[in-house]
Amino acid sequence: MRYEGPTELYIDGSWTSASAGTTIETVDPVTEEVYASIACAEAEDVDRAVDAAAVAAERGSEWRSLDPADRGRYLHAFADALAELEDEITMVESHDNGKTPFEAGLDVDMAIDTFRYYAGWTDKIQGDTIPVPGDRIDYTRREPVGVTAHIAPWNYPFQLAGRSLAPALACGNTAVLKPSSTTPLSALYFGEAADRAGLPDGVLNVVPGSGREAGTALATNGAVDHIAFTGSTGVGTTIMEHAAKNITGVTLELGGKGPNIVFPDANLDAAASGCHYGIFMNCGQMCWAGSRLLVHEEVHDEVVDRVVERAESTPLGGGIDDDGRMGPLVADWHREDVLDYIETGKEEGATLATGGGVPEDRDTGYFIEPTVFTDVTNDMTIAREEIFGPVLSVIEFSDTQEAIDIANDSPYGLLSGVWTKHIDTAHHVAESLDYGMVSVNEYPVTFPQTPFGGYKQSGFGREQGTPAIDEYTQVKNVNLNI
Ligand code: NAD
């Protein structure tokens, strides 16, 4: 089946071809065949999109002058348009990324919910009055930052683009979205929804293109006021360097190496299920994957047996007509990377408990077996680096402090998990973990209203919830001496 959705860039309220006429060919990770061919934005196109967004963000523009409640109505209409398109976006995302239709559906739902959540925020973004000496009146206003750039990764293409677009638009900003060239298709549906919802021209622009060309053009454009970047820690560093030159604000949502810590008193069924889901969902291609399983020695063998059993009975399959529970990796080159990590794990002395290879019963698709390593120590490469695939590293511990130390001994600090029935253990460990998010007795979990983001090299700034309002507004203090 070939792609029949939008194929052009969405700039200033119109579908437009790319200046150089270049295209991006996307490959379906299940069939290994070309699925779509769409326009590829060059630097010139990105600049056009930023110019349009800058005009739409000016004081006195239609968008900037809107009654906040009307901005909320636009966002509800936008969410309604996405909901009308939901089945199509789900199918496209599944073909483009390889994730199962079930997983793609969850992503689309989450994006729609996020737009509805922030639609409710537009008339509640308010400042403070501040007590100051004398008869003065001092107050703050929360104003839009202006033009926001959104650079998204390939693992949750639609959901993560929506995650930052929704609060940025709710706060009265305009936006330019550059999806990953590996999975650029679903982002184009934001353009389609903008059309259907009647958003003023230039408020939302979509420019699929390469990171090197379009991404650099966006991150270095001096008219951009805030960059919302989700991707690898390495590219995040480059984005910060670019942003530093223009003193542009950044939100960085980067990599992770999440620990799931299982204590002996835990409900082991729930823990095994959560730890399995936390690493094999989305074929392990998750910033918040629970890729390290820290298990107390008393329950180590029992938990490992359960997780291995679940891994071995996970049906593989992706795409609309080939639904399994774990889809393929996104691309051939990524499967090579993941297989290299598996070799490194063996060479460094970890024990391969299950998986480790390419399934023999699949003729096509970038599938890989759900893989579990035991006897892992936290200094091994497979415990330190983000593999971004279905590879679980099991590390044994003997007391609570050791578990906390191992969990915190990581350059990353995104999501962590704790499995225990004891509230005092849960509370103490949650407080002791250097992670932006801690989930007790389920993994992974997030909602539009809960802050998402990391400590350390997992980035800074927060998407979702109230903190995202801070990211996409700037505070103006007004002092009145009447
Ligand atoms: P990536 O860093 O390679 O690319 C992310 C985006 O940046 C893409 O759109 C890419 O085209 C663009 N890009 C690449 N080089 C660029 C440059 N020099 N200038 C500007 N833009 C550039 O990441 P990826 O491989 O697409 O995604 C996987 C990574 O994303 C993993 O590390 C994962 O942990 C991380 N991630 C983090 C979160 C989070 O919320 N913390 C969520 C999902 C993924």
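**Group meeting talk: two helices, a ligand shell and a small sheet**

Let's start with a contact: in helix α2, residues Y74, A77, F78, A81 and L82 meet A193, A194, R196 and A197 of helix α6. Sorted by class, this contact has eight nonpolar residues, no polar ones and one charged one. Before we go on, please keep in mind that what you have in front of you is a predicted model.

So how do we describe a pair like this? Two packed helices are described by the angle between their axes and by the distance between those axes. Here, α2 covers residues 68-84 and α6 covers residues 188-197, and they pack at an angle of about 125° with their axes 8 Å apart. What do we call that arrangement? Angles over 145 degrees count as roughly antiparallel and 65 to 115 as roughly perpendicular, while the rest, apart from those under 35, count as oblique. That is why α2 and α6 are oblique to each other. Their crossing is right-handed.

Now let's move to the ligand. How many residues surround the ligand? There are 32, and the closest are P153, G211, G215, G231 and C287. Two elements give two or more residues to this shell, namely α7 (211-220) and α8 (233-246). Of the elements, α7 gives the most, with five residues. If you sort the shell around the ligand by class, you get 13 nonpolar, 15 polar and four charged residues.

Next, a sheet. Strands of a sheet pair through backbone hydrogen bonds, either parallel or antiparallel. Which of these do we have here? This open sheet has three strands in the order β5-β6-β22, and the pairing is antiparallel. The edge strands, each pairing on one side only, are β5 (129-130) and β22 (473-480). If you want to trace one pairing yourself, look at β5 and β6, where β6 is residues 137-144: they pair in the antiparallel sense over two bridges. There you can find I130, whose bridge partner in β6 is D138.

Finally, two backbone details to look up on your screen. Which residues does a cis peptide bond join? They are Y443 and P444, with omega at about -15°. P444 sits in the loop between β19 (437-440) and β20 (455-456). The other detail is D12, which has a positive phi of about 55° although it is not a glycine. You will find D12 in the loop between β1 (9-11) and β2 (14-16).

That's my tour. Thanks for listening, and I'm happy to go through any of it again!

Note on methods: Residues numbered from 1 in each chain as written. Predicted model: local features only at pLDDT ≥ 70, side-chain atom pairs only at ≥ 80, totals over all residues. Near = placed C-beta within 6 Å. Helix = DSSP H or I, 4+ residues; strand = E, 2+ residues; numbered from the N terminus. Nonpolar A, V, L, I, M, F, W, Y, C, P; charged D, E, K, R; others polar. Pairing = 2+ DSSP bridges. Axes fitted to C-alpha atoms, helices over the stretch in contact; angles between N-to-C directions. Left-handed = near helix turned anticlockwise from the far one by under 90°. Contact = placed C-beta atoms within 7 Å.
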